[in-house]
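Trainee: Please pick one buried part of this model and take me through it slowly. I'd like to see what surrounds it and then follow the contacts outwards.

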Amino acid sequence: MSDAKSIGIGIVGAGFARTTQIPGFRNCKGARVVAVTSRTREHAERVAKEFGIDHVAADWRALVQRDDVDLVSLVTPPATHMEITLAALERGKAVLCEKPMAMHADEARRMTDKAREAGVLALIDHELRFLNSRRKMREMLHSGAIGSVRHCNYLFRSDDRGSPERTWNWWSNAAMGGGTLGAIGSHAIDSFRWLLGAEVSEVFAVLSTHVDERPEKSGGGMRRVTSDDDAKLMFRFADSALTGGTTGIASLSLVESGERENKLEVYGSTGALMATESGKLWHSPAGAGSWRPVDIDPDPIAPGMREGSWSRGFTAFSSAIVVALKAGMTTVEGAATFEDGYRTQLVLDAARMSNKRGCWANID
């Protein structure tokens with residue numbers, strides 16, 4: 001570590017990080033964001049000034065080389081993840097990598113192998129695991145609250161990208177790893193794996209691009225969108241202590257109007273559980289015919305964050321990361337490891353193959 005009192009954080013990518021990672025780590029006792037870099041120096045300098053960050057690195061390579069950076073937080077397009085991660089691990093830095101972990105499973109495997117070789121903390125930013133509602137749901141599932149699991153649903157609805165006037169950026173580009181399947185589908189897959197303790201064995205996917213062109217930021221006309229803005233997925237799960245013939249569905253859209261949803265439902269032989277975007281957890285015993293609230297503590301949210309499940313989850317997750325690093329640990333209890341990221345990537349790859357072929361795809 002850089003010194004005995006403070007964990008130095010380096011932020012690579014100052015877009016989403018501006019509203020989530022930076023406020024989250026700034027809220028952690030015993031940590032400080034020491035450097036930031038972005039695609040353009042001008043933007044990185046604006047963010048550094050806004051948050052009082054002392055150093056603006058010329059690029060990610062310069063940031064990774066800094067001796068006062070203990071943890072590299074990657075908040076960049078997926079196409080950049082492998083190169084930056086391997087360089088950071090080579091320098092012995094801890095890494096927090098945004099999801100999806102990589103462009104495909106071969107990259108994810110290389111990153112996972114390198115992390116194991118480096119022997120440092122290496123995590124995927126699946127912050128929803130740290131919501132109190134999700135954690136209580138998992139505890140109840142594994143204590144038999146709803147018996148064996150028959151089916152699970154994941155619903156994500158937002159119209160963040162619904163307007164065709166929203167400008168083209170890397171998110172519109174499949175070659176950079178943009179799209180709903182990677183950004184939101186990775187969360188759904190990780191949530192199912194973590195909650196059920198079971199791997200996805202088969203997936204069927206329909207990926208759609210409803211807004212197929214967007215205006216250039218420079219005003220130079222329209223540009224074709226190659227990524228998906230809507231993903232509909234069906235799953236079959238391998239048998240486990242909780243599962244047997246279990247199925248799942250995920251409906252994920254960034255172009256659907258209405259109330260924003262980030263909802264997870266699990267239906268078992270003796271009841272059901274539901275966690276909602278608001279952070280609440282609900283239980284319906286078999287035959288009850290209604291949902292009953294489960295008593296859980298509210299999730300804290302760091303100052304400067306936008307209200308939402310991502311922010312509340314990262315507030316808790318960032319704190320757990322800093323506590324682990326200060327203790328010299330290479331794991332965080334309940335966090336998604338690089339191995340988890342690799343397993344999720346296998347399902348993402350199979351989903352793309354399913355969409356291309358129009359049939360179910362097996363996951364090895």
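## Strand 1 and its surroundings

Mentor: Let's take strand 1, which is covered on both faces: Ile-7, Ile-9 and Ile-11 are buried on one side, and Gly-8, Gly-10 and Val-12 are buried on the other. Keep in mind that this is a predicted model. With six of its six residues buried, strand 1 (residues 7-12) is largely enclosed by the rest of the structure. So what pairs with strand 1? Strand 2 (residues 31-37) does, running parallel to strand 1 and joined to it by six bridges. If you want one spot to look at, find Ile-9, whose bridge partner in strand 2 is Val-33.

Now for what packs on strand 1. Part of the answer is helix 4, whose buried residues pack against strand 1, and also against helix 3 (60-65), strand 4 (71-74), strand 5 (94-97), helix 5 (105-118) and helix 9. The buried residues of helix 4 are His-81, Met-82, Ile-84, Thr-85, Leu-86, Ala-88 and Leu-89. That's seven of the ten residues in helix 4 (residues 81-90), so helix 4 too is largely enclosed by the rest of the structure. After helix 4 comes Gly-92, with a positive phi near 80°. A little further along, in the loop between strand 5 and helix 5, you'll find Pro-100. Look at the peptide bond leading into Pro-100 from Lys-99: it's cis, with omega near -10°.

Helix 9 is our way outwards, since the buried residues of helix 4 pack against helix 9 among other elements. Helix 9 (residues 338-357) also meets helix 7 (residues 180-196): their axes come within 9 Å and cross at roughly 120°. Roughly perpendicular stops at 115 degrees and roughly antiparallel needs over 145, so helix 7 and helix 9 count as oblique to each other. The crossing is right-handed. On the helix 7 side, the contact uses Leu-181, Gly-182, Gly-185, Ser-186, Ile-189, Asp-190 and Arg-193, while helix 9 brings Asp-340, Arg-343, Thr-344, Val-347, Leu-348, Ala-351 and Arg-352. If the spacing in those lists catches your eye, remember that an α-helix has 3.6 residues a turn, so residues three or four places apart point the same way. By class, the residues in the contact of helix 7 with helix 9 are five nonpolar, four polar and five charged.

Helix 7 has another neighbour in helix 6, with axes that come within 9 Å and cross at roughly 40°. That makes helix 6 oblique to helix 7 as well. Here Arg-134, Arg-135, Met-137, Arg-138, Leu-141 and His-142 of helix 6 meet Ser-191, Trp-194, Leu-195 and Leu-196 of helix 7. This contact divides into five nonpolar, two polar and three charged residues.

From helix 6 you reach a sheet: helix 6 (residues 132-142) lies across strand 7 (149-157), strand 13 (261-268), strand 14 (271-275) and strand 15 (281-285), at about 165° to strand 14. Those four strands belong to an open, nine-stranded sheet with mixed pairing, ordered 16-15-14-13-7-12-11-8-18. At its edges are strand 16 (292-293) and strand 18 (361-362), each pairing on one side only. Strand 18 runs antiparallel to strand 8 (residues 200-208), with two bridges between them, and Ala-361 of strand 18 is the bridge partner of Val-203.

Terms used
Residues numbered from 1 in each chain as written. Predicted model: local features only at pLDDT ≥ 70, side-chain atom pairs only at ≥ 80, totals over all residues. Heavy atoms only, no water. Axes fitted to C-alpha atoms, helices over the stretch in contact; angles between N-to-C directions. Parallel < 35°, antiparallel > 145°, perpendicular 65-115°, else oblique. Left-handed = near helix turned anticlockwise from the far one by under 90°. Contact = heavy atoms within 4.5 Å. Nonpolar A, V, L, I, M, F, W, Y, C, P; charged D, E, K, R; others polar. Buried < 20%, exposed > 50% of the residue type's maximum accessible area, 1.4 Å probe, protein only. Pairing = 2+ DSSP bridges.
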